[in-house]
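Here's a quick look at one helix pair and at the cysteines. Have the model open as you read.

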Amino acid sequence: MAILDRLTARIHPALALRRAVQLSGSGKPEEAFVLMAIAARGGIVEAQYQVGRCYLEGVGVPPSHSEGARWLRRAADRGSPDAQALLAALCVAGLAPRETEDGSEGLFERNASGEPDFAAALDLARKAAEAGSATGQALLGYILSKGPKVMRDLDAAHGWYEKSAAAGCPEGCLGLALSLTRLRQPEQRTRIATELRRAADAGLPTAIYLLAVLTEHGMGVAVDLDAAQRLYRDAAETGLASAQFRLGLALIEGNLVDLDPVAGEAWMRRSALAGNVEAAYRLGELYASRPQRDLAEAATWYRRAADGGHQPALRALASLYLSGNGVAQDVEEGTRLLRSAAASGDRDSQVDLANLVLEGAGESDDAVSVAGWFGATASSGDLVAAFNLGLCFAEGVGVGKDQERAARWMGRAAEGVAEAQYMYARMLQEGRGVAADQRQARVWFERAAKAGLVDAQVALAEMLYNGRGGERSVVAAAHLFKQAAAAGHAGAMFAIGALYETGQGLSINPKAAQEWFAAAAERGHGHAQLMLGRYLSRGIAGDHDSAAARIWFERAAAHGVQEASDEPAET
């Protein structure tokens with residue numbers, strides 16, 4: 001140290017502080033720290049605060065969290081608003097030492113739990129705020145708005161944010177903007193944008209991101225997609241995961257200015273690796289939906305999102321385990337994941353788990369849970385839940401089998417759920433849980449058929465063909481059978497073949513009949529296999545092939561069609 005510095009330190013701590021400030025401004029942090037420490041030990045509060053910061057930031061001295069906290073505490077106890085505000089921030093972040101029962105601070109060790117100490121933070125922030133610290137005011141506003149519920153006072157928080165923002169504190173501007181959004185007053189949008197811009201100009205990543213959102217959607221500012229994309233990029237480059245996700249999504253979908261899927265995926269990946277579970281889920285969806293699917297890679301990202309509690313990701317990963325796509329098939333793990341998503345309230349997962357239970361998978365408790373979920377939501381008027389509860393009563397899943405209650409819930413759900421309309425029509429048709437009523441069954445089949453339910457189209461076509469529940473109309477039946485056949489329904493294909501064979505509703509056409517029988521036979525329809533065998537063995541449509549006929553007869557017999565067993569002897 002220079003002779004002047006040693007003499008300064010011996011004369012008075014205040015002179016040591018002054019010289020330390022000069023050295024720090026000259027880019028000599030190590031020399032500055034030595035003098036700053038002398039001033040701090042001499043009792044100068046500002047020096048104690050600065051020494052605490054030096055230790056925390058590793059400026060001029062090796063970083064030491066414990067020493068930094070010790071000096072900040074000295075300064076805070078002697079009334080330094082800056083030290084109080086910084087120590088409060090450490091408490092909120094779970095980085096400040098906690099006092100032990102004897103009042104000591106556990107040798108100033110870092111808070112091992114990493115949990116925020118809001119009680120200590122509130123006391124320190126309030127002292128700093130009342131002493132006029134703009135940073136302390138912003139921090140107090142944060143604690144009063146985002147801290148534990150017992151501490152929250154949104155109106156008081158708003159007032160402290162106002163004071164902090166008025167003093168030009170960027171964090172206060174950001175807090176005020178967020179507090180104004182809580183009021184949901186459209187006339188405040190311009191002010192919200194103004195406060196966000198002040199915070200963004202100071203470099204706060206969250207403010208830059210939120211300003212980008214406003215600029216994209218024209219809230220409080222004019223719509224400017226080019227500016228919005230620049231702001232998203234600025235925030236993303238600071239490492240803000242939410243901005244990286246939004247920028248990545250925009251580049252992949254091209255809904256701002258540029259379309260660049262490769263760069264978009266890179267930003268999405270950075271966001272996911274930074275902990276954004278939605279980004280991880282979207283990456284999984286991206287790999288799962290590409291023409292050249294990579295389900296193993298999709299599973300990796302789904303798992304990352306699922307570990308963060310993302311419900312759709314849990315369901316997607318469960319589907320991969322249940323099917324063995326991208327991962328080794330593991331029904332137990334797939335069911336466990338579905339159970340977790342369902343227990344978190346994901347409706348699709350609850351339905352999927354219910355289907356597994358109906359198929360005999362899952363555990364005994366799952367059935368009870370399934371019935372409980374659907375019962376609670378069905379009672380509040382949810383029609384999908386009413387449908388699923390009806391299935392539970394029909395199959396005895398988690399509740400005693402009760403066809404009357406099944407029909408009652410299915411009837412409620414039929415007001416808006418196509419599958420329920422079909423099931424309720426079946427109940428009315430068969431007199432299961434409700435008095436048989438063919439006319440009403442036909443009405444409900446028709447509603448479900450109009451909603452595009454293929455099984456309902458076939459069931460209605462059969463009623464129209466046979467004249468049950470109303471007038472007979474073979475032409476209308478043929479039309480419905482063709483609709484269902486186009487959707488791949490094997491029974492409908494067989495029916496069309498039969499209509500072409502008999503000339504009911506359609507002109508007699510053996511060749512067309514054989515083609516439809518063949519289409520249904522290839523989909524495993526036993527009676528279609530029998531008919532195709534007969535057509536080939538007898539050359540009804542002009543094609544005679546005894547060898548192929550025998551194969552189709554054998555397949556039909558394997559499906560339990562008794563007539564097929566005697567057919568080969570006749571060829």
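## A helix pair

α30 and α31 run roughly antiparallel to each other (a label for angles over 145 degrees). Helix α30 covers residues 526-538 and helix α31 residues 546-558; they pack at about 160°, with axes 8 Å apart. Helices here are DSSP runs of H or I, at least four residues, numbered from the N terminus. Axes are lines fitted to C-alpha atoms over the stretch in contact, and angles run from 0 to 180 degrees between N-to-C directions.

As for who touches whom, the α30 side includes Leu530, Gly533 and Leu536, and the α31 side includes Ala549, Trp552 and Phe553. Contact here means heavy atoms within 4.5 Å. The residues of this contact split into eight nonpolar, five polar and two charged, with Gly counted among the polar ones and Arg among the charged.

## Where the numbers come from

This is a predicted model: local features need pLDDT of at least 70, side-chain atom pairs count only at pLDDT 80 or more, and totals for chains, interfaces and linings use all residues. Numbering starts from 1 along each chain as its sequence is written, and side-chain values use heavy atoms, with hydrogens and water left out.

## Cysteines without a bond

How many disulfides does the structure hold? Zero, going by cysteine sulfur pairs within 2.5 Å. Cys91 is in no disulfide, and its nearest cysteine sulfur, in Cys169, is 18 Å away. For Cys169, the closest cysteine sulfur is that of Cys173 at 7.1 Å, too far for a bond.

Cys91 counts as buried at 2% relative accessibility, and Cys169 is buried too, at 6%. Buried means under 20% relative accessible area (1.4 Å probe, protein chains only).

Terms used:
Buried means under 20% relative accessible area, exposed over 50%, partly exposed in between (1.4 Å probe, protein chains only). Helices (H or I, at least four residues) and strands (E, at least two) are DSSP runs, numbered from the N terminus. Angles under 35 degrees count as roughly parallel, over 145 as roughly antiparallel, 65 to 115 as roughly perpendicular and the rest as oblique.
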